[in-house]
Amino acid sequence: MQHQILGDNDCPILEIYLNAGEAVKIERGSMAYMCGVELQGKMNSGSNGGGLGGLLSAVGRSIASGESMFITEARGVMNGGRIGVAPAIPGKIVRLPIGERQYRLNTGAFLAGDYSVGYSMKMQDIGKAFFGGTGGLFVMETEGQGDVFVNAFGDLLELEVHPDCPMTIDNDHVVAWDRNLDYHISVASGTFGFTTGEGLVNRFVGEGKVYIQTRNLSSLASALPLASMNKNSGKGGFSF
């Protein structure tokens, strides 16, 4: 996939170049601009194709993982076409080569990918489904060969996990991880982290890579009401 990442690390755009007949998959609603490219919505049915089987597969994926029933196909209609793809949240965009190494992706991490790259839904055990932020009972696992682009809230860092040094990572910071890694979700400390302010964590074991984002949306969502109350406290509102 011919591409370049434009802008800075805070608010980049992925620009993809497509000749006539070339196609990529992009996250639904992520197109910022295009020239010589047409878009078409497809059922998010993986390898199950169209028809009733494809529809049922797309519905099942949506219910099990929280992802959309549809995905957007961007196809070149002339040589030299291009499309700009913008993530929904501010943060870095990173290319993951898919082939020898396959990844599992957290919900919302996928931005764009080659048509030669697909993914399947892998069932988690009950503990991971109840406590994980990775799509509920199922997680997305890549397959095939090509490139996938993921986006993060904030910067995106690559961490190496080794058998002699398991890595514990806050649940809301995990973006993608090597499918060869085992992981266990637990409470960081105390009773659901009340004593330390930390919540659920993933403990990755084995040999492989984990990509994490430097910020998380849950912390931002928690901070916004407090900021609003503090601002209003100077205008006759409540103070704490």
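Here are a few exercises with worked solutions on this predicted model.

**Exercise 1. Get the overall picture: how many helices and strands does the protein have, and what share of its residues count as buried?**

Step 1. Start with the secondary structure: you should find 3 helices and 19 strands.

Step 2. Now turn to burial. The protein has 240 residues, and 40% of them count as buried.

Step 3. Look at the outside too. The protein exposes about 12,500 Å², with carbon and sulfur atoms supplying 55% of that area.

Step 4. Finish with the contacts. Take those with a separation of 6 or more: 76% of them come from residues 24 or more positions apart.

**Exercise 2. Work out the order of the strands in the open sheet that holds β1, and say which strands sit at the edges.**

Step 1. Begin at β1, residues 2-6. This strand is joined by 5 bridges to β2, residues 13-18, and the two run antiparallel.

Step 2. Check a couple of pairs. Gln4 stands opposite Glu15, and Ile5 stands opposite Leu14.

Step 3. Peek at the hairpin while you're there. It has 6 residues between β1 and β2, and Gly7 takes a positive phi near 90 degrees.

Step 4. Move on from β2. Its pairing with β7 (residues 81-85) is also antiparallel and covers 5 bridges. One pair to look for is Leu18 with its bridge partner Gly81 in β7.

Step 5. Put the sheet together. The order is β1-β2-β7-β4, with antiparallel pairing among the 4 strands. The edges are β1 and β4 (31-35), as each of these pairs on one side only. From one strand to the next, the twist averages 15 degrees.

In general, strands of a sheet pair through backbone hydrogen bonds, either parallel or antiparallel.

**Exercise 3. Is Ser30 buried or exposed?**

Step 1. Find the residue: Ser30 is in the loop between β3 (23-26) and β4.

Step 2. Compare its value with the cut-off. Buried means under 20% relative accessible area, and Ser30 has 5% relative accessibility, so it counts as buried.

Step 3. See what's around it. Leaving out neighbours within four places in sequence, Ser30 is in contact with Gly84, Val85, Ala86 and Leu111.

**Exercise 4. Place Leu159 in the structure, then find out which residues it touches.**

Step 1. Go to strand β14, residues 156-161, where you'll find Leu159.

Step 2. Judge its exposure. Partly exposed lies between the 20% and 50% cut-offs, so Leu159, at 22% relative accessibility, counts as partly exposed.

Step 3. List the partners, not counting residues up to four places away in sequence: Leu159 touches Met167, Ile169, Gly208, Lys209, Val210 and Ile212.

Step 4. Pick out Lys209. This residue is 50 residues away from Leu159 along the chain, yet their C-alpha atoms are separated by 5.7 Å.

**Exercise 5. Which residues make the nonpolar surface patch of about 220 Å²?**

Step 1. Spot the members: Met31, Met34 and Leu39 make this patch.

Step 2. Locate one of them. Leu39 lies in strand β5, residues 37-43.

Step 3. Check that Leu39 can belong. A patch residue needs over 30% relative accessible area. Leu39 has 33% relative accessibility, and therefore counts as partly exposed.

Terms used. Residues are numbered from 1 along each chain as its sequence is written. This is a predicted model: local features need pLDDT of at least 70, side-chain atom pairs count only at pLDDT 80 or more; totals for chains, interfaces and linings use all residues. Side-chain values use heavy atoms; hydrogens and water are left out. Two strands pair if DSSP finds at least two bridges between them. Axes are lines fitted to C-alpha atoms, for helices over the stretch in contact, and angles run from 0 to 180 degrees between N-to-C directions. Buried means under 20% relative accessible area, exposed over 50%, partly exposed in between (1.4 Å probe, protein chains only). Contact means heavy atoms within 4.5 Å. Accessible areas come from the Shrake-Rupley method with a 1.4 Å probe; for residues, only the protein chains shown count as cover. Patches are made of residues with over 30% relative accessible area and no salt bridge: like charges are joined within 9 Å, nonpolar side chains (Val, Leu, Ile, Met, Phe, Trp, Tyr) within 5 Å. A salt bridge is a side-chain nitrogen of Lys or Arg within 4 Å of a carboxyl oxygen of Asp or Glu.
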